Amino acid sequence: MAYTLEQIFEALGKADNGGAMVADLQSIISTARNEAAANRVERNKVLDALGLRGSENPEAALNNLRTTLEALKKTGNPESLGSQLTALQNQVKELTDKYAASEEKAKAEHTKRIHTAMHSALQTALAKGNALNPEAFTKLLSDQVVVNADDTLAMKAGDKTVSIDEGVKGWLNGNPWAVKNTGVGGAGSGGAGNQKPTYTMDDLKGMTPEQINKNWENIKNSLEKG
């Protein structure tokens, strides 16, 4: 039979000096409870610091942590290893940043090299086809250039892809206003009072092929002056 705390207090109270014994017992029990509560608080602080407070089995987690620390001690000072790990992480970040910067620089150089090659190929093909203004037409046709996987250049022509020379030749054939008049022209009848309209490359971008062909003499004169 197990006695309750109240039964024990009652029995002690009936004995000689029972009141004093009950008071002493209550003090001992209170002290034990306070110590247990303090121990729980300290234990929880440790668990919180280690991130184990919410663990289903904190005792097992602590045992695993102790095993890990013991293994670290065998390989070196845990504090020293932590510093080494931080240094290693910094080195990895530095190398990663340098690699990213190098990749960005290489990409920019590649883009510049492709642009230069495209510009040169278009200008050469336009000059070969007697274009009025190779420099201006290079800007106009650059959007039609295709860069292949091996960095070679081609040009869109409808639903197919052709060489730069073929693409430029086809474009000039379809836009006779853009080709120099290499024949001998007659005497002009224009004068100071007969001002011809002028066109810029921005004007051409907003015009239809029909409008361009209709006004190609004035367009040609404008581009030759430009």
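Is Lys 93 buried or exposed? Lys 93 counts as exposed, because its relative accessibility is 52% (buried means under 20% relative accessible area, exposed over 50%, partly exposed in between, with a 1.4 Å probe and protein chains only). The tour returns to this residue after a word on the model itself.

**Before selecting anything**

This is a predicted model, in which local features need pLDDT of at least 70, side-chain atom pairs count only at pLDDT 80 or more, and totals for chains, interfaces and linings use all residues. Residues are numbered from 1 along each chain as its sequence is written, and side-chain values use heavy atoms, with hydrogens and water left out.

Colour the protein by pLDDT, the predictor's confidence in each residue, from 0 to 100. The average is 78, and 80% of the residues score at least 70. Next, select residues 184-194, where pLDDT stays under 50. For this segment the model has zero contacts beyond four places in sequence (contact means heavy atoms within 4.5 Å). Where pLDDT is low, the predicted coordinates should not be read in detail.

**First stop: helix α4**

Select residues 78-128, which form helix α4 (helices are DSSP runs of H or I with at least four residues, strands are runs of E with at least two, and both are numbered from the N terminus). Show the side chains of Lys 93 and Asp 97, which meet in a salt bridge of 3.0 Å, N to O (a side-chain nitrogen of Lys or Arg within 4 Å of a carboxyl oxygen of Asp or Glu). The two residues stand four residues apart in the helix, about one turn. Asp 97 counts as partly exposed, because its relative accessibility is 42%.

Now add Glu 94 and Lys 98, whose side chains form a salt bridge of 3.3 Å, N to O. Both belong to helix α4 and are four residues apart, about one turn of the helix. Lys 98 is exposed at 51% relative accessibility, and Glu 94 is partly exposed at 43%.

In the same helix, Leu 88 is a further residue to display. With a relative accessible area of 47%, Leu 88 is partly exposed. Leu 85, Leu 88 and Val 92 make a nonpolar surface patch of about 270 Å². Patches are made of residues with over 30% relative accessible area and no salt bridge; like charges are joined within 9 Å, and nonpolar side chains (Val, Leu, Ile, Met, Phe, Trp, Tyr) within 5 Å. The areas come from the Shrake-Rupley method with a 1.4 Å probe, and for residues only the protein chains shown count as cover.

**Second stop: from α4 to α6**

How many salt bridges does a search of the whole structure find? The search finds three. One of them joins the side chains of Lys 128 and Asp 165 at 3.5 Å, N to O. Lys 128 lies in helix α4 and Asp 165 in helix α6, so the pair ties together parts that are 37 residues apart in sequence. Lys 128 is exposed at 59% relative accessibility, whereas Asp 165 is partly exposed at 40%.

**Third stop: the aromatic rings**

The count of aromatic pairs comes to three. Rings of Phe, Tyr and Trp (its six-membered ring) pair if their centres lie within 6.5 Å; planes under 30 degrees apart count as stacked, over 60 as edge-to-face and the rest as tilted.

Select Phe 137 and Trp 177, an edge-to-face pair with 5.6 Å centre to centre and 85° between the planes. Phe 137 lies in helix α5 (residues 134-141) and Trp 177 in the loop between α6 (164-174) and α7 (201-205), so the pair ties together parts that are 40 residues apart in sequence. Both Phe 137 and Trp 177 are buried, and the relative accessibility of Trp 177 is 1%.

Then add Trp 171, which forms an edge-to-face pair with Trp 177: 6.0 Å centre to centre, 80° between the planes. Trp 171 is buried, with a relative accessible area of 14%. Ring pairs link Phe 137, Trp 171 and Trp 177 into a cluster.

**Last stop: two buried residues**

Select Leu 223 in helix α9 (residues 216-225), which is buried at 6% relative accessible area. Leaving aside neighbours within four places in sequence, Leu 223 is in contact with residues including Phe 137, Trp 177 and Met 201. Leu 223 and Met 201 are 22 residues apart in sequence and 8.4 Å apart in space, C-alpha to C-alpha.

Finally, select Thr 138 in helix α5, which is buried at 3% relative accessibility. Beyond its neighbours within four places in sequence, Thr 138 is in contact with His 119, Leu 122, Gln 123 and Leu 126.
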